[in-house]
Amino acid sequence: MTVSRAVTGMPPDSSAGASADGSGYPEYRPSAASREVGSARPPALIAVAHGSRDPRSAATVSAVVAAIADTRPDIDIRTAFLDLTAPSVEQAVDAVAAQGHTHAVVTPLLLGSAFHARVDLPGLLAAARARHPRLRLTQADVLGTDPGLISALRDRVRAACCAGRAVADRRLGIAVAAVGSSSAAANARTAEAADLLAARTGWRTEICFATTEPSVTEAVTRLHARGADRVLVAPWFLAPGRLTDRLALAAPDAIHADVLGPHPALTAVILDRYHSAIAQRTALSA
């Protein structure tokens, strides 16, 4: 079953291949293990984002969820936020239960498996299960450093520096910028994303964070020291907000790419997490 389009293994700095719809993204199909088993009514999908006081963040999340709904109009898809923005996770779960669903897959729109994914969200779902004992709630995996998201990151860089054309300039330096965490393991995932981008494109990459070290100015300095003529800041963020603004202010002379935002590859990754959670639940119940 085709659910979206995604690039998952293109050679370094290659142009996108042909596709049936002309999008440049080959057809994406979930693996046999991730195909949904069973009912005429698929489980609801509750897409859970961080939340922000910045209205641009909610607008971007809304666009991401709309893209999923366009791809899978058969799924009841709801948006929820962990903090600062409505609807809350509790409200989204209550709405799904009120619609008579018996199963919902709660899919975090989170790039890393930090406190929100490991503690906050499981706690909210435990309370929701107590309120709605007839509703099965399955938490899907975080988005992580999926190859599709590295494709999206590469596309954002290309759009910012060369209007989407293939980049032949190997002297381009990319500062992959994330939120930053007190967890070394969480920060290592950003380094993994930067390494994957470098392996795919040949660009020099360094990591930096909006809330901890190394800073974006340190990353820019390191890239110039490694021979980069041009430096571009690539936000490893799904949506814009005060932290991406902070990065832009800290490095005003660098080019700044857009956040990941709505992208065919992101749609595919989210649906893959949804289908994988269903398949895992089915395997455990067999």
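A salt bridge here is a side-chain nitrogen of Lys or Arg within 4 Å of a carboxyl oxygen of Asp or Glu. Arg-273 and Asp-272 make one of these, with their closest N and O atoms 3.2 Å apart. The model is a predicted one, and a search through the whole of it turns up twelve salt bridges. Both partners in the Arg-273 pair are tucked away from solvent: Arg-273 has 13% relative accessibility and so counts as buried, and Asp-272, at 16%, counts as buried too.

Another of these pairs joins Arg-154 to Asp-155, with 3.3 Å between the closest N and O atoms. Once again, both Arg-154 and Asp-155 are buried.

Then there is Asp-245, which forms a salt bridge with Arg-56 at 2.7 Å between the closest N and O atoms. Asp-245 sits in helix H7 (residues 242-250) and Arg-56 in helix H1 (residues 55-71), so this pair ties together parts of the protein that are 189 residues apart in sequence. As for solvent, Asp-245 has 34% relative accessibility and therefore counts as partly exposed; Arg-56, likewise at 34%, is partly exposed as well. The pair doesn't stand alone, either: Asp-54, Arg-56 and Asp-245 are linked in a network of salt bridges.

Stepping back to the overall fold, the protein has eight helices and ten strands. It runs to 286 residues, of which 51% count as buried. Among contacts with a separation of 6 or more, 75% come from residues 24 or more positions apart.

Turning to helix packing, the axes of H4 (residues 147-162) and H5 (residues 184-201) come within 10 Å of each other and cross at roughly 70°. That angle falls between 65 and 115 degrees, so H4 and H5 are roughly perpendicular to each other. Their crossing is right-handed. On the H4 side, the contact is made by Pro-147, Ile-150, Ser-151, Leu-153 and Arg-154, while H5 brings in Ala-193, Leu-196, Leu-197, Arg-200 and Thr-201. Sorted by type, the residues of this contact come out as six nonpolar, two polar and two charged. Arg-154 thus turns up twice in this account, once in the contact with H5 and once in the salt bridge with Asp-155.

The second helix pair is H2 (residues 89-98) with H3 (residues 115-131), whose axes also come within 10 Å and cross at roughly 35°. This crossing, too, is right-handed. From H2, the residues involved are Val-89, Glu-90, Val-93 and Asp-94, and they meet Leu-121, Leu-124, Leu-125, Ala-128 and Arg-131 of H3. Here the split is six nonpolar, no polar and three charged.

On the strand side, Thr-138 makes a handy example. This residue is found in strand E6 (residues 136-139). With 11% relative accessibility, Thr-138 falls under the 20% cut-off and so counts as buried. What does Thr-138 touch, leaving aside its neighbours within four places in sequence? Its contacts are His-103, Ala-104, Val-105 and Val-106, along with Ala-277 and Arg-281.

Note on methods:
Residues are numbered from 1 along each chain as its sequence is written. This is a predicted model: local features need pLDDT of at least 70, side-chain atom pairs count only at pLDDT 80 or more; totals for chains, interfaces and linings use all residues. Side-chain values use heavy atoms; hydrogens and water are left out. Axes are lines fitted to C-alpha atoms, for helices over the stretch in contact, and angles run from 0 to 180 degrees between N-to-C directions. Helices (H or I, at least four residues) and strands (E, at least two) are DSSP runs, numbered from the N terminus. Angles under 35 degrees count as roughly parallel, over 145 as roughly antiparallel, 65 to 115 as roughly perpendicular and the rest as oblique. A crossing is left-handed if the near helix is turned anticlockwise from the far one by less than a right angle, and right-handed if clockwise. Contact means heavy atoms within 4.5 Å. Ala, Val, Leu, Ile, Met, Phe, Trp, Tyr, Cys and Pro count as nonpolar, Asp, Glu, Lys and Arg as charged, and the others, Gly among them, as polar. Buried means under 20% relative accessible area, exposed over 50%, partly exposed in between (1.4 Å probe, protein chains only).
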